[in-house]
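Let's take a friendly tour of a protein, from its inside to its surface. Have the sequence and the 3D view ready, and look up each residue as we go.

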Amino acid sequence: CRFYCLTFNFSVKIYRSINRMKRILYIAPHSFPIKSSESICNSKVAYVLASMGYQIDVFACSDSSTYPKDSKIDQFLQEVPSMRIFTVRPSKKNFYRTASITSNLKCVPHNLKVFFKTGFYYNGISTPFAVLQAIEDLIKSEGGFHYDVMITRGFLTDVVGITLKKKYGVTWIANWNDPFPLKRFPAPYGQGYDAKLPFFENRVYEAIQKYADIHTFPSSRLRDYMLKCFTHVKKENTRVIHHMAHSELTQFFNKKNASESILKIVSCGSVGVPRKPEVFLKALSIALKEVNVKLKLFFVGFYSDSLKSLSKELRLSDIVEFIPPKRYSECMDLISSCDVSLIIETTCEEGIYLPTKCVDAFQCSKPIFCVSPKIGTLRDIVEKFHVGYISDIDNIDDVVSQIKRMLNDHLQHQLPVANKKIAPVFFEEYIAEQFAELLK
């Protein structure tokens, strides 16, 4: 790891000499503080861009809370001289079915103001409008718009990007870690790529396609899915830039050696509906009857009471431990001290996502065990880089077979290796090169 950190630091010096004068407007509501998978993805990218010498202004307003706030990682990623962070308070002037008529009526004047100012409206637009106002205030205070590139990251950035592109003509790079909008997530998460959008939302959708110069995605399957939605976007105006594992962050992880006698498996993050963790538990109970292995399984994050009940029903209570959500660095501690990182998805026609759990495992030099759609991104990665095990979530016999394979590999001390040398495309040097090419 020390060698790779030195390599990255050497590359950073070269990039700084080239990029010192370029300014980036980086709009990522979920970035700082680090409290979700989205925020860790976006904050790492901001850190790398700033380390490369770009002058970067980050606008954040994250109030998501998958993890408790992680001050240790936050402080490290923010301490780059060429990065400024501006925190915008999320607006709550939205309409809610559960709210009183009086409460909803109070939101009408503000939402009318947003409509007349931007030409767009959808329920929830008040938060991106708050971000837009904060940026406009900064531009005014600094005597004009001085950015070379604008990067938007995910939700709550649509109207901001459209408005600033139209007004200032800045190059706009729009990143999508997930499909957009929520309604067009693939089933069972949403209604599919061809879901009909309301009139005003569709106007936003058309404007994004018209004004964004480049669209970036963490996986090629997500890119290809979104091109079915973004029918006016050409493939040559897209790039695939994976989620990032960052070697420098490992200094904050408590890297305990995994026990040679006990196979430790950990799942960090939500395994609630529509994910299907029960498939793995049922398959594990079958596999353990055929392969005698000492094993410990940790579920960290959000899970259902029914999952706990199932572990008791399957007589796995002695080996399965349920842990409430932890800070990001604490999750990395746990992954580092285990042998395998478990990733559970749900039934889909195609697995288009690149879960951040995947690169988190690589960051900790741990292989992955995936319970995923038969066709998808995780299967592509496992089969290409040989960094773990992939099983079909709709075929419990296949899950059992892969678990038995993992158990036997453990007994023979032959678990797969997953690190920067094996899968360099997920680490900071490669990601920095992709951004340097994109921003030159």
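## Starting inside

Leucine 49 touches Ile24, Tyr26, Tyr54, Ile56, Ile151, Phe435 and Leu439, leaving out residues up to four places away in sequence. Keep in mind that what you are looking at is a predicted model.

Leu49 also belongs to a bigger picture. The largest nonpolar core has 49 residues, and Leu49 is among those with the most contacts inside it, along with Ile24, Tyr26, Ile56, Ile73 and Leu77. Helix 2, which covers residues 37–51, supplies the largest share of this core, with seven residues. There is also a second, separate core of 45 residues, and Leu138, Ala212, Phe217 and Tyr225 are included in it.

## A buried threonine

Now find threonine 356 in helix 13, which spans residues 356–363. Is this threonine buried or exposed? Its relative accessible area is 12%, and buried means under 20%, so threonine 356 counts as buried.

Which residues does threonine 356 contact, apart from its neighbours within four places in sequence? They are Ser37, Cys41 and His243.

## Out on the surface

Nonpolar residues appear on the surface too: Ile101, Leu105, Val108, Leu112 and Phe116 form a nonpolar patch there, with about 540 Å² of accessible area together. Helix 4 (101–105) and helix 5 (108–118) are the elements that each give two or more residues to the patch. Helix 5 gives the most, with three residues.

Take a closer look at isoleucine 101, which sits in helix 4. Its relative accessibility is 67%, and the cut-off for exposed is over 50%, so isoleucine 101 counts as exposed.

Technical notes
Residues numbered from 1 in each chain as written. Predicted model: local features only at pLDDT ≥ 70, side-chain atom pairs only at ≥ 80, totals over all residues. Heavy atoms only, no water. Patch = residues over 30% accessible without salt bridge, like charges linked within 9 Å, V, L, I, M, F, W, Y side chains within 5 Å. Areas by Shrake-Rupley, 256 points an atom, 1.4 Å probe, with all protein chains shown as cover. Salt bridge = Lys/Arg side-chain N within 4 Å of Asp/Glu carboxyl O. Helix = DSSP H or I, 4+ residues; strand = E, 2+ residues; numbered from the N terminus. Buried < 20%, exposed > 50% of the residue type's maximum accessible area, 1.4 Å probe, protein only. Core = buried A, V, L, I, M, F, W, Y, C linked by side-chain atoms within 4.5 Å. Contact = heavy atoms within 4.5 Å.
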